[in-house]
Amino acid sequence: MDGEHYALSGVERERERLPPIYNSSAPAAFGRGAKQPFPSLGSFISTLSQRREAGGRGVAGGMTGTLSGTLSGTLSGTLSGTLSGTLSGTLSGTQWLRHGRELPPICSDVRQKHRLSIDTLPPEVKAPFPSDPILPPRTKTTKEFQEDMERAVQSGDWREVREFYLTTFDSFIEINAAFKREANGSFNTIDDSGVNAKFVNAVYDALLSTPQDIQKSVLKGIINSLLREWKGPRTKDDLRAYFILVQNPQYSSTSTYVIYAHLLRQIAALSEADHHFLVHWLKKLSARRFRQPVERLLQFISTRLFPAEPDELPPLAKCSWWIPSATKVLGLFNAANSVSSAPIMPFTDFYNITLEHIDFMEEYRTWQNYGNSNRFSFCQFPFILSTVVKKAIIQKDSEQQMISQARQSLVSKVSRRQRVDMNLLFLNIKVRRAQLLSDSLDELTRKRCDLKKKLRVTFVGEAGLDMGGLTKEWFLLLVRQIFHTDYGMFTYMRDSRCHWFSSWKCDNYSEFQLVGTLMGLAVYNSIALDIHFPLYCYRKLLTPPTVPCDQNAPVGMATATLDDLQQIMPELAHGLGELLSYEGNVEEDFYLMFQVFQEEMGVVKSHNLKPGGDKIPVTKHNRKEYVQLYIDFLLNKSICKQFAAFYHGFHSVCASDALMLLRPEEVEMLVCGIPELDMSALQKAAQYEGYGKTETTVRCFWDVVLAFPLELQKKLLHFATGSDRVPVGGMADLNFKISKIDVPTDWLPISHTCFNQICLPPYRTRKELKQKLTIAISNAEGFGLE
């Protein structure tokens, strides 16, 4: 076969009987390369008939004999030594696994053809594939196994434990026989896998403390199982076996990665219906048991990308399907985490920090060009990309759009033979502090065609040259004014400490568009804003993540739940929750109609939640509908025009495919930065110019700053950087610098917000430094009058 020699002749003979689709020339990655033709129906039926006549000897007999004989010889040699040994020494006799020759390509349309062919067979031909085979009786309990382990540890006689592991992992049938709660129970629901989780945990917890030969026997058994079981449609017992095998702790060692990769490949190649079952079974795992395979998958991807030794793993070109398979299986865990009533682990724990060191822009371009096709890109699975990577993608995408806009303006001027003014390369905003809001609205409206240029702000009557600091100042002051309660655009919810859109009707919603544009400009120009919207607002901003072609299409109409209302109006949400759980007579005791009342400009107005709602009483039978309509009215319909203007303002600047990669929580982080201030982290990341770390002034500075209350720490950050928010990358991303300025010590500290720099005179005492620094940061607004 292809001029290669295989150590396992029995396995090779088995391979020759496989359909051409599983031949060694099949593509190794997501459908890359030409697909092999599927065998004809006649040849397929003939093959099935031969297997039925042979009574399964070709697989269960011949293969077991071949693998138990040849593998016990070959693998006992090839898997000799410790599991932490190198792959070449550990699996030298299993090149057929190393090159991925024995397993089907992970390709959705190939898999679909395979399934359709089987599904269209007549009933008598389907007979050889029973839904669930009859399992051999296995009666060992968790307690009995643990007693066997204790005896083995004390006596040194591991024969009984060895026999248990050898038998249990030899096939999918044996795995089910050992770990299924009822040997021949069906358990064909998503709610119950039928697996004795306690027993599985005990067996795996003990495995790594057993002698090496037992651990090798488990790996050999898994190889047998994977080679034997991947042909044909999947039964629920097969899914149970995959569910159990993916929890094996042995995959933490790189010496097992070849076997692990093939297991992941088979799981990734399952149908969507099978994945649905696995997702719901996975979400039933305990937090610790769930986290362990997730961490192993992340480690597997990182090691495959950046192996510690060049020869530690097979060449990437020969196993390019490893990473797509692992990422897809990790996606099942992420889906399980998402559908769980409460997340099993934070979504940030699915981030793979290693991906910050790859060419993620190439991944992004691949995804833009090929979408979710068979061409793999990490952007197809955005849960694995950290916010740092997503922010960098958005920044680089923004930079490219800025350059494109500037180039178009330049070319337009040159083509008309007009004098080129460098100001045309920027979005120049000129405002007066006294008329900040009106001037900003006028400028952004007039220059809406320039929104994707680099922002530059000038305050009329001030000498500051904007190298970034004035821009931060403009954002800070504008946000503070827009969200002031007297202005009336937003209502501050005291119970939830967030702002929400005012439902008052008006003729012009341009100011809401200004707020959206402002938020978009902040993301586009990497400025963190002090805005307090609930998470639901960011979910609405991503509904949909790209602006519809139809300008009249509704936007921001995200499905709202009682939990969403809880974020904004907790007291009202509590009341509606009590209505849903009330056991008395809802109609007579509450006397509610399908109506909602709102105060607008001092006048109370009623709104029907459905046609004729003022005449439809709320009863025990329709109260769920009432609550859902009430929530939808408050969070969507009553503010639809305000939010539509806000949405279009944001997307007028941030119209990027990269937004589709983001979760609502990540959009919030990009807009607002990280609210928590860690001054110790700032101290560690600080740079110095003219001072050393251990000089008196520097030591006094940090003593004072670390002892400051939160409010003064925020003022210091604003004084030095122009913003009191921490960027997504943390304090280290600020490039904060402390410089020495040779002036008398009666001077106050000076800052250069464009460069996140604070300049300190050589203060000699802690008291003197604290006094001068407090005065400076408490009066930090404006950039000097001309």
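Helices here are DSSP runs of at least four residues, and strands are runs of at least two. By that count, the protein has 33 helices and 10 strands. The model is a predicted one.

**Overall picture**

The protein has 786 residues, and 51% of them count as buried. Among contacts with a separation of 6 or more, 73% join residues 24 or more positions apart.

**Two helices that cross**

Helix H32 covers residues 710-721, and helix H33 covers residues 766-778. Their axes come within 9 Å and cross at roughly 70°. H32 is therefore roughly perpendicular to H33, since angles of 65 to 115 degrees fall in that class. From H32, the contact uses Leu712, Lys715, Leu716 and Phe719. From H33, Leu773, Ala776, Ile777 and Ser778 meet them. By class, the residues of this contact are 6 nonpolar, 1 polar and 1 charged.

**Helix H19 and a cavity**

A search of the whole structure gives 7 cavities of 30 Å³ or more. The second largest has a volume of about 70 Å³. Which helix gives the largest share of its lining? Helix H19, residues 387-415, does so with 4 residues. The lining includes Ile394, Asp397, Ser398 and Gln401. Tyr524 also lines this cavity, as do Val653, Cys654, Ala655, Ser656 and Leu659. By class, the lining divides into 6 nonpolar, 3 polar and 1 charged residues.

Lysine 396 is also found in helix H19. Leaving out residues up to four places away in sequence, lysine 396 touches Phe360 and Met361. Is lysine 396 buried, exposed or partly exposed? Its relative accessible area is 36%, so lysine 396 is partly exposed; that class lies between 20% and 50%.

**A loop residue**

Phenylalanine 594 sits in the loop between helix H26 (586-590) and strand E5 (595-600). Phenylalanine 594 counts as buried because its relative accessibility is 0%, and the cut-off for buried is under 20%.

**C-alpha pairs**

Lysine 396 and phenylalanine 594 each have a listed partner, with the spacing along the chain and the C-alpha separation given below.

| Residue | Partner | Spacing along the chain | C-alpha separation |
|---|---|---|---|
| Phenylalanine 594 | Glycine 612 | 18 residues | 8.1 Å |
| Lysine 396 | Methionine 361 | 35 residues | 8.1 Å |

Methionine 361 thus appears twice for lysine 396: in the table, and as one of the residues that lysine 396 touches.

Note on methods. Residues numbered from 1 in each chain as written. Predicted model: local features only at pLDDT ≥ 70, side-chain atom pairs only at ≥ 80, totals over all residues. Heavy atoms only, no water. Axes fitted to C-alpha atoms, helices over the stretch in contact; angles between N-to-C directions. Parallel < 35°, antiparallel > 145°, perpendicular 65-115°, else oblique. Contact = heavy atoms within 4.5 Å. Nonpolar A, V, L, I, M, F, W, Y, C, P; charged D, E, K, R; others polar. Buried < 20%, exposed > 50% of the residue type's maximum accessible area, 1.4 Å probe, protein only. 1 Å grid on protein atoms, 1.4 Å probe; cavity = no way out; pocket = protein on both sides within 12 Å on 5 of 7 lines; lining within 4 Å. Points joined across faces, edges and corners; volume = space filled by probe spheres on them.
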